[in-house]
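User: I want to learn to read this fold piece by piece. Can we go through it together?
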Amino acid sequence: MTLWNYYHTPASVDEALELLRSYAGKARVIAGGTDLLLDIRQGHLPPPEALIDITRIGELCDLHQDGDWLVLGAGVTHTRIVSTDLIAARATCLVESCGVVGGPQVRNVGTLGGNVAHALPAGDGTTSLVALDAEAEVILDGERRWYPIRELFVGPGMSLLDPTRDLLIRFRFKLSGPYEATAFKRIMRPQGVALPILGCAAWVRLDESGEYYADVRLCIGPVDRVPVRAEAVEAALCGQPVGSDAVERAIQAAHEGLHPRTSRYRATAEYRDEMIDVLLRRVLPLAAERAQTGQAVPEGVGIE
Ligand SMILES: Cc1cc2nc3c(=O)[nH]c(=O)nc-3n(C[C@H](O)[C@H](O)[C@H](O)COP(=O)(O)OP(=O)(O)OC[C@H]3O[C@@H](n4cnc5c(N)ncnc54)[C@H](O)[C@@H]3O)c2cc1C
């Protein structure tokens, strides 16, 4: 079975866009191919005439600090993210989520951009980017602009991007500062499926006493058709003293506001609902402790 006829490795964004234009919808962007090739083989996507590999484009593989911001190309692999000390220390949740994507072979080629462009509400890298309040730079219909990450997603597996025409270029987000920290945990079946039963990423800022939540961003997924922030849970935490009472308030708000669904391959809605408690009890104290101590060592990387 021929999956495609031509494979191109453009060296610049302009070249990639020109190639996409020349195939007029019959070519598709590929990064690591860990989602795309399965989708084509399993018949979820039609075989494209050509694949346009973006992993040799310098801009998409760039990773640098710009003041308090981290700028991360869409073609940066999970392995590279996990081995970047700056991200481990100041965007710890991203290392913790990229560090459990698949096994080493998948992480070595799979990219953060591919995770986001695949647009699933359970994507591990995506969950952390939402908690980090990241922005994504894209070229849509030939126009380059930054979007808040949440605005990219329009439905399960659907984003504003049309990968036969558009390009996801890079992400940017603020690195954690004093009294700020992040954490990510997930519940996963040991084998057989590529996405978690439930994942949870938290970003917290404590007040200067280190005793109260001043601001919180939480992404728990999948609980909706697109990746979402758990805004009612965030509101329940803000202004509360750090500790088990706050976590229990968060759990109560989560049960009132979040309604995970049963998925045939992963878990029932009831099980997922119970796992919300487990994840919040793990993630919130960990993020708060990191924010209090200013020390963050990623947990769980590469062990699932
Ligand atoms: C065995 C296995 C285990 C996995 N485990 C996990 C897991 O634990 N957690 C998890 O979240 N995911 C998991 N995945 C899914 C996958 O590995 C990740 O989503 C990965 O990040 C996808 O990146 P990629 O570079 O391989 O994307 P690709 O497969 O190359 O592309 C994915 C989609 O995005 C489009 N695309 C890619 N880059 C761009 C771009 N720059 N601009 C526009 N469109 C683009 C492609 O056209 C395609 O539609 C697993 C996959 C496998 C095979």
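User: At what angle do the axes of helix 11 and helix 12 cross?

Analyst: Start with the general idea. Two packed helices are described by the angle between their axes and the distance between the axes. Now the case here, in a predicted model. Helix 11 spans residues 244–257 and helix 12 spans residues 269–293. Their axes come within 10 Å and cross at roughly 145°.

User: Is the crossing of helix 11 and helix 12 left-handed or right-handed?

Analyst: Right-handed.

User: Which residues of helix 11 and helix 12 meet?

Analyst: Helix 11 brings Val247, Ala250, Ile251, Ala254 and His255. Facing them in helix 12 are Asp273, Ile276, Asp277, Leu280, Arg281, Leu284 and Pro285. By class, the residues of this contact are eight nonpolar, one polar and three charged.

User: Next, the sheets. What is the order of the open sheet with parallel pairing?

Analyst: The order is 1-3-2, in a sheet of three strands. Strand 1 (6–8) and strand 2 (27–30) are the edges, and each pairs on one side only. From one strand to the next, the twist averages 25°.

User: How many bridges pair strand 2 and strand 3?

Analyst: Four, in the parallel sense. Strand 3 covers residues 50–53. To place one pair, take Arg28: its bridge partner in strand 3 is Leu51.

User: And side chains along a strand?

Analyst: In a regular strand the side chains alternate between the two faces of the sheet. For this sheet, look at what lies across it. Helix 1, residues 13–23, lies across strand 1, strand 2 and strand 3. Its direction runs at about 170° to strand 3.

User: Which strands form the open sheet of three strands with antiparallel pairing?

Analyst: Strands 11, 12 and 13, in the order 11-12-13. The edge strands are strand 11 (180–187) and strand 13 (213–221). Neighbouring strands are turned by 10° against each other on average, direction ignored.

User: How many bridges join strand 11 to strand 12?

Analyst: Eight bridges, with the two strands running antiparallel. Strand 12 is residues 198–206. Glu180 stands opposite Arg205 in strand 12. Helix 12 comes back here: it packs on this sheet and touches strand 11, strand 12 and strand 13. The direction of helix 12 makes about 30° with that of strand 12.

User: Now a hairpin. How many residues lie between strand 6 and strand 7?

Analyst: Two. Asp141, in this hairpin, takes a positive phi near 50°. Strand 6 (residues 135–140) and strand 7 (residues 143–148) run antiparallel and are joined by six bridges. Leu140 has Glu143 in strand 7 as its bridge partner.

User: How many bridges pair strand 6 and strand 10?

Analyst: Five, in the antiparallel sense. Here Val138 has Leu168 of strand 10 as its bridge partner.

User: Step back to the domains. How is the chain divided?

Analyst: Into domain 1 (6–53), domain 2 (58–174) and domain 3 (180–293). The C-alpha centres of domain 2 and domain 3 are 20 Å apart. Each of these two domains puts residues into the contact: 23 from domain 2 and 23 from domain 3.

User: Which elements supply at least two residues of the side of domain 2 that touches domain 3?

Analyst: Helix 6 (92–98), helix 9 (124–131) and strand 8 (153–155). Helix 9 has the largest share, six residues. The residues on this side of domain 2 are twelve nonpolar, seven polar and four charged.

User: Last, the ligand. Why does the shell around the ligand lie between two domains?

Analyst: Domain 1 and domain 2 both give residues to the shell, so it lies between them.

User: Which of the residues around the ligand come nearest?

Analyst: Of 31 residues, the nearest are Ala31, Gly32, Gly102, Gly114 and Ala117. Strand 2, helix 2 (36–41), helix 8 (112–118) and strand 10 (167–174) each give two or more residues to the shell. Helix 8 gives the most, with five.

User: How do the residues of the shell around the ligand divide?

Analyst: There are 17 nonpolar, eleven polar and three charged residues. Strand 2 thus ties two topics together: it is an edge of the parallel sheet, and it gives residues to the ligand shell.

Definitions and conventions:
Residues are numbered from 1 along each chain as its sequence is written. This is a predicted model: local features need pLDDT of at least 70, side-chain atom pairs count only at pLDDT 80 or more; totals for chains, interfaces and linings use all residues. Axes are lines fitted to C-alpha atoms, for helices over the stretch in contact, and angles run from 0 to 180 degrees between N-to-C directions. A crossing is left-handed if the near helix is turned anticlockwise from the far one by less than a right angle, and right-handed if clockwise. Two residues are in contact if their C-beta atoms, placed from the backbone, lie within 7 Å. Ala, Val, Leu, Ile, Met, Phe, Trp, Tyr, Cys and Pro count as nonpolar, Asp, Glu, Lys and Arg as charged, and the others, Gly among them, as polar. Two strands pair if DSSP finds at least two bridges between them. A residue is near a molecule or strand if its C-beta atom, placed from the backbone, lies within 6 Å of it. Domain bounds come from an automatic or database domain assignment.
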